[in-house]
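Please work through the exercises below with the sequence and the 3D view open beside you, and try each task before reading its solution.

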Amino acid sequence: MTAAMKKRKPVDEGGAVFDRELEDLPQELRWREWMGRIEAVLFASASPVRREELARVVGQGASVEMLIDDIQAELTGRPYELAHVAGGWILRTKTQFADAIKAAADLGDQSLAFTEMEIGVLCAIAYHQPIDRAGLAEIFGKEVSRDLLARLRYKDLIASGPRSPRPGAPHTFVTTETFLMTFDLQSLRDLPELELSQP
């Protein structure tokens, strides 16, 4: 083990301590190491990683945003990208390679195909959450079936929200992180503006 490697892994009474600062490395190598750490964390995660979590693997003076910008620049022309969705960052395959992945993996038909009513209900929940079944019925002018809501819940696109203030305190529905990832949204603020038609 070299002196630099020993220095990078200081030891206290509890064992090895993670060296975030990497002060023994020249600035350029330190930056490359921080980029590698962030990319490794993102590669290992199946869900978006928040900025605060990424900041745990780099020095206090490092800008997570600048490191991410540099990683994105290096990924230009690669079949995968670093995307900002659901409040965090995730590595994902570019959509243009979806058919190749399906062909190689023989995934069958795993598309997220939706009926018109399912899309309508998802939109109603996204824009009016938390909303209960009675609220959905007011929007659609008819009852929304429990089966339809169960399908959306099974796909992890909606979840139970707080109890409604209506009599009986029925369950409400809210969208999930999977909903944000599926529709490539950073947050619900990224939903398109509703165009309300005039009577």
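The exercises that follow deal with a predicted model, and they treat helix packing and then salt bridges.

**Exercise 1. Describe how helix H2 and helix H4 are arranged relative to each other, and list the residues that bring them into contact.**

Solution. Two packed helices are described by the angle between their axes and the distance between the axes. Here helix H2 covers residues 27–44 and helix H4 covers residues 64–74, and they pack at an angle of about 80 degrees with their axes 10 Å apart. Angles of 65 to 115 degrees count as roughly perpendicular, and H2 and H4 are therefore roughly perpendicular to each other. On the H2 side the contact is made by Trp31, Arg32, Trp34, Met35, Ile38 and Glu39, while H4 contributes Val64, Met66, Leu67, Ile68, Asp70, Ile71 and Glu74. Sorted by class, this contact of H2 with H4 holds nine nonpolar and four charged residues, and no polar ones.

**Exercise 2. Find the salt bridge that glutamate 74 forms, and decide whether its two residues are buried, partly exposed or exposed.**

Solution. Side chains of opposite charge can pair when their charged atoms come close. The partner of glutamate 74 is arginine 32, and their closest N and O atoms are 2.5 Å apart. Glutamate 74 belongs to helix H4 and arginine 32 to helix H2, so that this pair, 42 residues apart, links distant parts of the chain. Relative accessible area between 20% and 50% counts as partly exposed; glutamate 74, at 41%, is therefore partly exposed, and arginine 32, at 43%, is partly exposed as well.

**Exercise 3. Identify the acidic partners of arginine 166, and state how accessible each residue is.**

Solution. One partner is aspartate 132, with the closest N and O atoms 2.8 Å from each other. Aspartate 132 sits in the loop between helix H6 and helix H7, whereas arginine 166 sits in the loop between strand E5 and strand E6, 34 residues away in the chain. Another partner is glutamate 138, whose side chain meets that of arginine 166 at 3.2 Å, N to O. Because glutamate 138 lies in helix H7, this pair ties together parts that are 28 residues apart in sequence. As for accessibility, aspartate 132 is buried at 3%, arginine 166 is partly exposed at 31%, and glutamate 138 is exposed at 57%.

**Exercise 4. How many salt bridges are counted, and which residues does a network join?**

Solution. The count comes to nine salt bridges. Glu81, Arg92 and Asp184 are linked in a network of them.

Key:
Residues numbered from 1 in each chain as written. Predicted model: local features only at pLDDT ≥ 70, side-chain atom pairs only at ≥ 80, totals over all residues. Heavy atoms only, no water. Axes fitted to C-alpha atoms, helices over the stretch in contact; angles between N-to-C directions. Helix = DSSP H or I, 4+ residues; strand = E, 2+ residues; numbered from the N terminus. Parallel < 35°, antiparallel > 145°, perpendicular 65-115°, else oblique. Contact = heavy atoms within 4.5 Å. Nonpolar A, V, L, I, M, F, W, Y, C, P; charged D, E, K, R; others polar. Salt bridge = Lys/Arg side-chain N within 4 Å of Asp/Glu carboxyl O. Buried < 20%, exposed > 50% of the residue type's maximum accessible area, 1.4 Å probe, protein only.
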